[in-house]
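I opened this notebook to record what I looked up in one structure, and in what order. The entries follow the fold, the aromatic rings, a helix contact and a few single residues.

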Amino acid sequence: LPFEFDEEIADSEISRAKNDIINAITLLLEQKELIEYLKSASTLVSQRSLTFKFNRFTVRGVPDLILFFENAAPHILDWKVHTFGVKAYDEQLVTYAIALDSVLQLKAHKDFPENAKDFRTTDFRLTEWQLLQPASPKRDYEITEESIENTTNKISSSILSIYMNSGHLKHDQLKPEMFSTTFYPNNCPSCPFKKICKQHEDEIRNRRIPDLEPKRSYVQLPLM
């Protein structure tokens, strides 16, 4: 927030950020077993946008890294750089798995191996790497039919929430006062829209919802 308002950032904050970067890269390079595992993949795809239709909405996820193998199911990896690392990101990873399966079954990217579509979503492997948690950096998650159903319901409810909060409007129709404040104040420190919230706090406090005809929405996930 200080950076967005052209305010001075404390030297201690800059130093902490630099140390986090160094520690994260160092921890990653120390994972010899992981590096050898990455070498065993037939194809590595990083930061690839996976777009699919969810009813009449478009959903997009961008996994950090997807590993494809000649005789094994795809493996999705997600890098996290959190000081405490107390939150689990299984829902995010399952969302990526749903997105990957949808893309593979419809029209896979040209560099995705042909055999990848032969595996079920529940065959995919998911791993979250907490790069600031040297004691336990690796977290594997299992995909079940139940987790797929729960995550699909979460996507549906998220889309509905966005849609009901003016998500169907064009950019030039949107105003800050149309949106409510978050129900989860703990999200505020990492929110990318703090500047908008700060600049328009009076309008947001006295917000109004426009009565405009809904059309269609474009929804982007990830979620976190």
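**Entry 1, the chain as a whole.** I note at the outset that this is a predicted model. I counted the secondary structure and found six helices and eight strands in the protein chain, and reading along the sequence I wrote down the pattern α-α-β-β-β-β-β-α-β-β-α-α-α-β. I then looked up burial, and of the 224 residues of the protein chain 34% count as buried. For the contacts between residues at least 6 apart in sequence, I found that 67% join residues at least 24 apart.

**Entry 2, aromatic pairs.** How many aromatic pairs does a search of the whole structure find? It finds two. In one of them, the ring centres of Tyr37 and Phe69 are 5.5 Å apart and the planes stand at 35°, a value that lies between the 30 degrees below which planes count as stacked and the 60 above which they count as edge-to-face, so I entered the pair as tilted. I placed Tyr37 in helix H2, residues 32-40, and Phe69 in the loop between strand S4 (65-68) and strand S5 (75-80), which puts the partners 32 residues apart and makes this a link between distant parts of the chain. Is each partner buried or exposed? Tyr37 is partly exposed, with a relative accessible area of 24%, whereas Phe69 has a relative accessible area of 9% and is therefore buried, the cut-off being under 20%.

The other pair I looked up is formed by Phe68 and Phe112, which is also tilted, with 4.9 Å from centre to centre and 45° between the planes. Because Phe68 lies in strand S4 and Phe112 in the loop between helix H3 (90-106) and strand S6 (125-130), the pair ties together parts that are 44 residues apart in sequence. Both Phe68 and Phe112 are buried.

**Entry 3, a charge over a ring.** I also checked Lys80, and I found that it lies over the face of Tyr89, at 4.0 Å from the ring centre.

**Entry 4, H3 against H4.** I next took H3 together with helix H4, residues 145-167, and found that their axes come within 10 Å and cross at roughly 95°. That angle falls in the range of 65 to 115, so I recorded H3 as roughly perpendicular to H4. Which residues meet here? From H3 they are Glu91, Val94, Thr95 and Ile98, and from H4 they are Ser147, Ile148, Thr151, Thr152, Lys154 and Ile155. Sorted by class, the contact has four nonpolar, four polar and two charged residues.

**Entry 5, backbone angles.** Most residues other than glycine have a negative phi, so I kept a note of exceptions. Gln47, not a glycine, has a positive phi of about 50°, and it lies in the loop between strand S1 (43-46) and strand S2 (50-54). Asn55, again not a glycine, has a positive phi of about 60° and sits in the loop between S2 and strand S3 (57-61). With a relative accessible area of 69%, Asn55 is exposed.

**Entry 6, Asp20.** I looked last at Asp20, whose place is in helix H1, residues 11-30. Its relative accessible area is 18%, and because the cut-off for buried is under 20%, Asp20 counts as buried. Leaving out residues up to four places away in sequence, I found that Asp20 touches Thr83 and Leu132.

How values were computed: Residues are numbered from 1 along each chain as its sequence is written. This is a predicted model: local features need pLDDT of at least 70, side-chain atom pairs count only at pLDDT 80 or more; totals for chains, interfaces and linings use all residues. Side-chain values use heavy atoms; hydrogens and water are left out. Rings of Phe, Tyr and Trp (its six-membered ring) pair if their centres lie within 6.5 Å; planes under 30 degrees apart count as stacked, over 60 as edge-to-face and the rest as tilted. Helices (H or I, at least four residues) and strands (E, at least two) are DSSP runs, numbered from the N terminus. Buried means under 20% relative accessible area, exposed over 50%, partly exposed in between (1.4 Å probe, protein chains only). A charge sits over a ring if NZ of Lys or CZ of Arg is within 6 Å of the ring centre and within 35 degrees of the ring normal. Axes are lines fitted to C-alpha atoms, for helices over the stretch in contact, and angles run from 0 to 180 degrees between N-to-C directions. Angles under 35 degrees count as roughly parallel, over 145 as roughly antiparallel, 65 to 115 as roughly perpendicular and the rest as oblique. Contact means heavy atoms within 4.5 Å. Ala, Val, Leu, Ile, Met, Phe, Trp, Tyr, Cys and Pro count as nonpolar, Asp, Glu, Lys and Arg as charged, and the others, Gly among them, as polar.
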